[in-house]
Each structure stands twice: as C-alpha cells, then as structure tokens.
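Reader: Could you walk me through this fold, one question at a time?

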Amino acid sequence: MNDIAGLKVLVADDEKHIRLLLKSVLRAQKADVVAEASTGQEAIDLFRQLKPDFAMLDINMPVKTGVEALNAILEEFPDARIIMMTSLSDAQTVEECLEGGAVGYILKDTPLAEMKQLIIDAIHPEAD
C-alpha cells in the first residue's frame, strides 16, 4: 500500500491557514480529515475520542506543545502513528520527536508534492 486513501487523520496546528493547507494536501490524497485541533491538549483529547489512523502535530502549539501531545498520545496509544511538523528546522527537537516515537516530520515550507510523498513514506515505511 503506498497511499493514504481512506485513512482517518487528525490535524493539529495553532495556525488556521496551516490546518487548511494540510487538509487540502490530505484530501487530495483521499484521506479523511476527521478533526482539527489548535492546541496540544485539544489534539490529545481528539485523538483519545476519535482514534484516527494517524495524526499530524505541529511542534509549537499553546496549552501543550506538540512534543507534550506526542508523548501523551503515545503513552496511551503506543501504536499511534504521528507525523510532527515544524516551521523551524530545530534538529534537536526533531530528533527528540523521532526518538520519542514519531513516524516522521515535515517542515511546513516543504513543496506540496514532496510533502505528499513524505506523508506516505512516514505512514507506509515498508513501501520503500
């Protein structure tokens, strides 16, 4: 399987225009965006409630950061697939997320075609 068609996705970012961009990228890939969150705590609550196939979390969010949300979600759902997003290429934070269980990360300024492929690669690493 090398696509994300039909998968349920939670999108979490405190910037509405980024959530809109991600929703359009995901919907173009026929994924089902089941919810969106603007804080880390909201992402945790929605993940717990909806149990999506994967989530995309911004690293820098209010209330709880994306890193805190990642840790909380993985503590409760160890098999959760989470892709982290950032506008900063802070290698230490990205490495911390990947070591903490994130399946991938995406820089927000990544070209759309590349972003689509990064999502597929993170969700289906066996497709390589």
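Author: Happy to; what follows is a set of questions and answers on a predicted model.

Reader: Let's start with the sheet. In what order do the five strands of the open sheet stand?

Author: Good place to begin. The pairing in this open sheet is parallel, and the twist averages 20° from one strand to the next. Across the sheet, the order is β2-β1-β3-β4-β5.

Reader: Which strands stand at the edges, each with a single partner strand?

Author: A strand with a single partner has one side left without a neighbour in the sheet, so that is what to look for. In the order β2-β1-β3-β4-β5, look at the two ends. The edge strands are β2 (32–37) and β5 (104–107).

Reader: Now β3, please. Over how many bridges do β3 and β4 pair?

Author: β3 covers residues 54–58 and β4 covers residues 81–86. Within this pairing, A55 has I82 as its bridge partner in β4, and L57 stands opposite M84. The two strands run in the parallel sense, and the number of bridges is five.

Reader: And on the side of β1, which residue of β3 is the bridge partner of A12?

Author: β1 and β3 also pair in the parallel sense, here over four bridges. For A12, the partner in β3 is L57.

Reader: How many of the five residues of β3 are buried?

Author: Take the two directions in turn: F54, M56 and D58 point one way, A55 and L57 point the other way, and all are buried. The strand is therefore largely enclosed by the rest of the structure, with a buried count of five of the five.

Reader: Which strands does helix α5 touch as it packs on the sheet?

Author: Helix α5 spans residues 112–123, and its direction makes about 170° with that of β5. The strands it touches are β3, β4 and β5.

Reader: Let me check the geometry of α1. What span should its 13 residues have at 1.5 Å a residue?

Author: Helix α1 runs over residues 16–28, and its end C-alpha atoms are 18 Å apart. The expected span uses one less than the number of residues. That agrees with the distance in the model, because the expected value is 18 Å.

Reader: How wide an arc do the buried residues of α1 cover around the axis?

Author: The residues in question are I18, R19, L22, K23, V25 and L26. They pack against β1 (8–12), β2, β3, β4 and α5, while K16 and H17 are exposed on the other side of the helix. The buried set lies on the same side of α1, because its arc is only 165°.

Reader: Which residue just after α1 takes a positive phi?

Author: Its phi is about 65°. The residue is K30.

Reader: What arc do the buried residues of α3 fall within?

Author: In α3, the buried residues are G66, V67, A69, L70, I73 and L74. They pack against α2, β3, β4 and α4 (91–99). Seen down the axis, they line one face of the helix, because they fall within an arc of 160°.

Reader: On to aromatics. How are the planes of F47 and F77 arranged?

Author: This is the one aromatic pair that a search of the whole structure finds. F47 sits in helix α2 (residues 40–50) and F77 in the loop between α3 (66–76) and β4, 30 residues apart, and both F47 and F77 are buried. The ring centres are 5.3 Å apart and the planes stand at 55°, so the pair is tilted.

Reader: Does T86 count as buried or exposed?

Author: T86 has its place in strand β4. Leaving aside neighbours within four places in sequence, T86 is in contact with D58, I59, N60, V94, I106, L107 and K108. Buried means under 20% relative accessible area. At 3%, T86 therefore counts as buried.

Reader: And is G6 buried or exposed?

Author: G6 is found in the segment before β1, and beyond its neighbours within four places in sequence it is in contact with K30, A31 and D53. The C-alpha atoms of G6 and A102, 96 residues apart along the chain, are separated by 21 Å. With a relative accessible area of 56%, G6 is exposed.

Conventions: Residues numbered from 1 in each chain as written. Predicted model: local features only at pLDDT ≥ 70, side-chain atom pairs only at ≥ 80, totals over all residues. Heavy atoms only, no water. Pairing = 2+ DSSP bridges. Axes fitted to C-alpha atoms, helices over the stretch in contact; angles between N-to-C directions. Contact = heavy atoms within 4.5 Å. Buried < 20%, exposed > 50% of the residue type's maximum accessible area, 1.4 Å probe, protein only. Arc of directions from axis to C-beta. Phe/Tyr/Trp six-rings, centres within 6.5 Å; stacked < 30°, edge-to-face > 60°.
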